[in-house]
Amino acid sequence: MTAATDVRARLGKAWIKAGREIERLTYRAKIARPKLLGPAIRGPLVQLYRADADFTTEVAFVNYLTFYLLDADIGITVTVTAYDRNGKRLGSGRHRVGRKQALQRPLAELVDAPLDSHGLFTVEAAYDAAAIDGIAFLGQTAPQFMTLFVPKADGATAPQILHSHKGFQRSGVPFSPCRWESPVTERLAAVEAYSVFVMNACRSKLGGRVELVDVARPDAAWRTDYHAPAWGVARIDLRPAALGLPLDQPFRFACDFDRRTPHRKPILFRRFADGSITGNHS
Amino acid sequence: MRPIRKRATPVGVFPKRFLISTLRQLGQEVGLTVPTLVAPANGGGAARALPVRMHVYRGGRDAHQFDVAPDPRQAFVEVWQRQWEAGLAPPNAGEDLIAVEYLHAPEDAPWLGPRMADEIEGQFLVRAAPEGRYGCVLTSFVPFRPAGYKFTPVIGLTHYHKFGPEFENYALFVNLKGAGATDDGANRLHVDYYSFAGARLATADLDVPYNSGYLHAVEASLAEHGVPAAALSGGVIAHCRGGASQFSIFTLIRNKRTGALGLEHSLPPYYYVTGISHPDIRGPFYARALAPT
């Protein structure tokens, strides 16, 4: 890293730190004055969707407030918004989840729009205004949800369930390079194909490199560059047999980012010889 | 609300374990990866990675330990069931609980204490065969309490099933009590099943064996409690309460034809109520969350 790049990275990290502090203070103000400023609800939270030949995506959300505060009668209105792979907003829908209720529906229905083959979607929540006083003591809450990647009918796969508590950032993120390494050893001989989805949950372009690194010899790796537009997703498909790597050696995925976007664990799907697919954020 | 006290640097090492279960009933081999923890360099000595110990609880007893000496140059340690079970007699029934800890010396406390007090995670790995398909889920280490510790009861909320002729759904309860008494009823979970429309469908009481993994078949449990299969397509919420010992809970969806699995950890209350450890929140929260229904 050159001196100029180093200074740029330091400034970027300081900017991110300041932004986090402002966010923290905003939440603290809301916790102190929920009636005036609204309740301190984290969000929007973000996750990947797929709507392609392998999977459709369902979103599962439960009215957690009424399963925790059993005497409460408060509805949660959930706003779900989807973007295409280039970060263009596709549609949005609001859905009320009443006392002790839940919803789990295809994302396309929830946002009332056709989806791209993959992209980001967000979930944010609002609580019934009349009940805010009764739940103010909870402080900050978070509208957690689960994402189910549902295989096409008669496939060999089981639905893959993913959770994300990462935030969607409406602003940009300055240059602040970082790296992620997967803890999972990949057995290339067992895998027919990988699909790696790098999510960019901020308003700046994201670039970097995905690597498949030999555990025993880290200098021996396969690498490819990626670029993800603001609020977009970069998809990298690869077939281990075509990479010229020793298939009998253990490998790990790693990913470099040129900025610290909120979601820095790429979603990894593996296709096996029997047609089944597993997916996880690692 | 009083401000949360600034976290002090721990002087000791907060004991934590990474908990997983075998999945023999589903014909799977399990494994795990945990980070390699390397003692900071001190003078000219070689880097020292903390050994990792797997406690294999079988029939509720800490029946076997398996130690691994990690390579300090590798960021993670990966171990599979066939490694820790080598030389062990096959079990009679049920699932083993695997509890993973880092072995450390007193001089490790200054650097290991803060590390263990922070979030530390491992991967729960599942595979059909060594050269077959595999999947995983990332989840946290959990506190390991001394015998006699009074646990806060568990509140579990599972609503992300997929019902249909192709799939079956399971809840996997992993329950670590350690060497404490096992006659206190702290292994009992009360489950209320609700429809997505908010109507209570059934209730069940589960005795989750101490120091074990317990695979609970959701469809079978619902049928046993009189919920018709036709009611499942609208969605089912499982609201679990009780179980005042250390639990990790996972949800599994299995493709009945191929045996392929989907796996995810549950979301305890702190995911939804981020300040739940604050004393002004915790008391009133649990009083209302554990009230009789």
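**View 1. Tyr49(A) faces Gly119(A) across two paired strands.** Gly119(A) belongs to β6(A). This is a predicted model; local features need pLDDT of at least 70, side-chain atom pairs count only at pLDDT 80 or more, and totals for chains, interfaces and linings use all residues. Residues are numbered from 1 along each chain as its sequence is written, while chains are lettered from A and ligands numbered from 1 in the order in which they are written. β1(A) and β6 (residues 118-127) pair in the antiparallel sense over 6 bridges. Strands are DSSP runs of E, at least two residues, numbered from the N terminus; two strands pair if DSSP finds at least two bridges between them.

**View 2. Strand β1 (residues 45-50) of chain A is largely enclosed by the rest of the structure, because 6 of its 6 residues are buried.** Buried means that 20 or more other C-beta atoms, placed from the backbone, lie within 10 Å of the residue's own. Leu45(A), Gln47(A) and Tyr49(A) point one way. Val46(A), Leu48(A) and Arg50(A) point the other way.

**View 3. Four strands of chain A form an open sheet in the order β5-β2-β7-β8.** The pairing is antiparallel. β5 (102-106) and β8 (160-163) of chain A stand at the edges with a single partner strand each, so one side of each has no neighbour in the sheet. β7 (residues 146-151) and β8 of chain A share 4 bridges. Met146(A) has His163(A) in β8(A) as its bridge partner.

**View 4. Domain 2 (45-163) of chain A is in contact with domain 3 (175-281) of chain A.** The bounds come from an automatic or database domain assignment. The contact involves 16 residues of domain 2 and 18 of domain 3. Residues are in contact if their C-beta atoms, placed from the backbone, lie within 7 Å. On the domain 2 side, β6(A) gives the largest share, 3 residues.

Key:
Buried ≥ 20, exposed ≤ 12 C-beta atoms within 10 Å, placed from the backbone. Contact = placed C-beta atoms within 7 Å.
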